[in-house]
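Let's take a walk through a protein model together, one part at a time. Keep the picture open beside you as you read.

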Amino acid sequence: MSPELFNTLARTRRSVFPDQMDAGKKVDDAIVHEILTNACWAPNHGQTEPWHFTVFTGGGLQKLADFQSELYKETTPNGFKEATYQKLQVTPQKASHVIAIGMKRTTTKNIPEIEDIAAVACAVENIYLSVTAYGLGGYWTTGGVTYREQAKAFFGLGEQDKLLGFFYIGHIAVPSPSAKRAPIEEKVKWVKG
Ligand SMILES: Cc1cc2nc3c(=O)[nH]c(=O)nc-3n(C[C@H](O)[C@H](O)[C@H](O)COP(=O)(O)O)c2cc1C
């Protein structure tokens, strides 16, 4: 692969949100398998591989929708919003696959929690880039029930583990516009002796 090709991939990658997806058009499971294989090749400190993914597709999307909307209702005694409940019910069906992104906390080695989280974030960037390479759309969301303790068990996560959100994948119906970044001079300082 040429560096130019990778530069283009990294710089043209865009989040594609559920309303931009071709609802009902399925991505081949084999492609999602390849994408997740790339995720599992992310760097991680101490060979701990702290990622844990749960893939929802087909009838699984409705299971996710039911779980997250009901959990939202049960755990929101104050400030419950019917619109949020409905959104949690319908959004997964706009995607082909939704991947719950979990971090399994390393307990066998002295690895700081932030490094387990950082490794999973590296895995998610591999997902983002892979989705782009396959001409698909996707995005990472930390909305919904992401940070509710009661959500963890449904995704195979224990007390010490963390749910870091969901990655939606689908065919693109409406492409994202090109984006901007601040000039790298604002973000990078060189020290050359
Ligand atoms: C950790 C993380 C959490 C995110 N959570 C959300 C979210 O909850 N809702 C959302 O619309 N986008 C979310 N995004 C996607 C960002 O909105 C998106 O990356 C940003 O708008 C930049 O657009 P780009 O990905 O096309 O460069 C998240 C991204 C990251 C890295």
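## Around the ligand

By class, the shell around the ligand is made of four nonpolar, four polar and three charged residues. Bear in mind that this is a predicted model. Which residues are around the ligand? They are Arg13, Arg14, Ser15, Phe17, Tyr128, Tyr139, Trp140, Thr141, Thr142, Gly143 and Arg181. Strand β3, which covers residues 137-141, gives the most to this shell, with three residues.

Some of these neighbours make polar contacts with the ligand, as the table shows.

| Ligand atom | Protein partner | Distance |
|---|---|---|
| Oxygen | N or O atom in the side chain of Arg14 | 2.9 Å |
| Oxygen | N or O atom in the side chain of Ser15 | 2.6 Å |
| Nitrogen | polar backbone atom of Trp140 | 3.0 Å |

Taken alone, the ligand exposes 610 Å², and the protein buries 57% of that.

## The strands

Now find strand β4, residues 162-170. Eight of its nine residues are buried, so this strand is largely enclosed by the rest of the structure. Strand β4 has β2 (residues 97-103) as a partner: seven bridges join the two, and they run antiparallel. In this pair, Ile101 stands opposite Gly165 of β4.

Strand β3, which we met beside the ligand, also pairs with β4. Five bridges join β3 to β4, again in an antiparallel arrangement. Here Thr141 stands opposite Phe166 of β4, and Thr141 is also one of the residues around the ligand.

## A helix with two sides

Next, turn to helix α4, residues 82-90. Which of its residues are buried? The buried ones are Tyr85, Leu88 and Gln89. Seen down the axis of α4, the buried residues fall within an arc of 105°, so they line one face of the helix. On the other side of α4, Ala83 and Lys87 are exposed. A general rule helps here: an α-helix has 3.6 residues a turn, so residues three or four places apart point the same way.

## Two residues in a loop

Finally, look at the loop between α2 (29-39) and β1 (51-57), where Gln47 has its place. Phi of Gln47 is near 50°, a positive value in a residue other than glycine. Is Gln47 buried or exposed? Gln47 is exposed, with a relative accessible area of 72%.

Glu49 has its place in the loop between α2 and β1 too. Its phi is near 45°, again positive in a residue other than glycine. Glu49 counts as partly exposed, at 46% relative accessibility, because exposed means over 50% and buried means under 20%.

Definitions and conventions: Residues numbered from 1 in each chain as written. Predicted model: local features only at pLDDT ≥ 70, side-chain atom pairs only at ≥ 80, totals over all residues. Heavy atoms only, no water. Near = heavy atom within 4 Å. Polar contact = N/O pair within 3.5 Å; in protein donor to acceptor, adjacent residues only side chain to side chain. Areas by Shrake-Rupley, 256 points an atom, 1.4 Å probe, with all protein chains shown as cover. Helix = DSSP H or I, 4+ residues; strand = E, 2+ residues; numbered from the N terminus. Nonpolar A, V, L, I, M, F, W, Y, C, P; charged D, E, K, R; others polar. Buried < 20%, exposed > 50% of the residue type's maximum accessible area, 1.4 Å probe, protein only. Pairing = 2+ DSSP bridges. Arc of directions from axis to C-beta.
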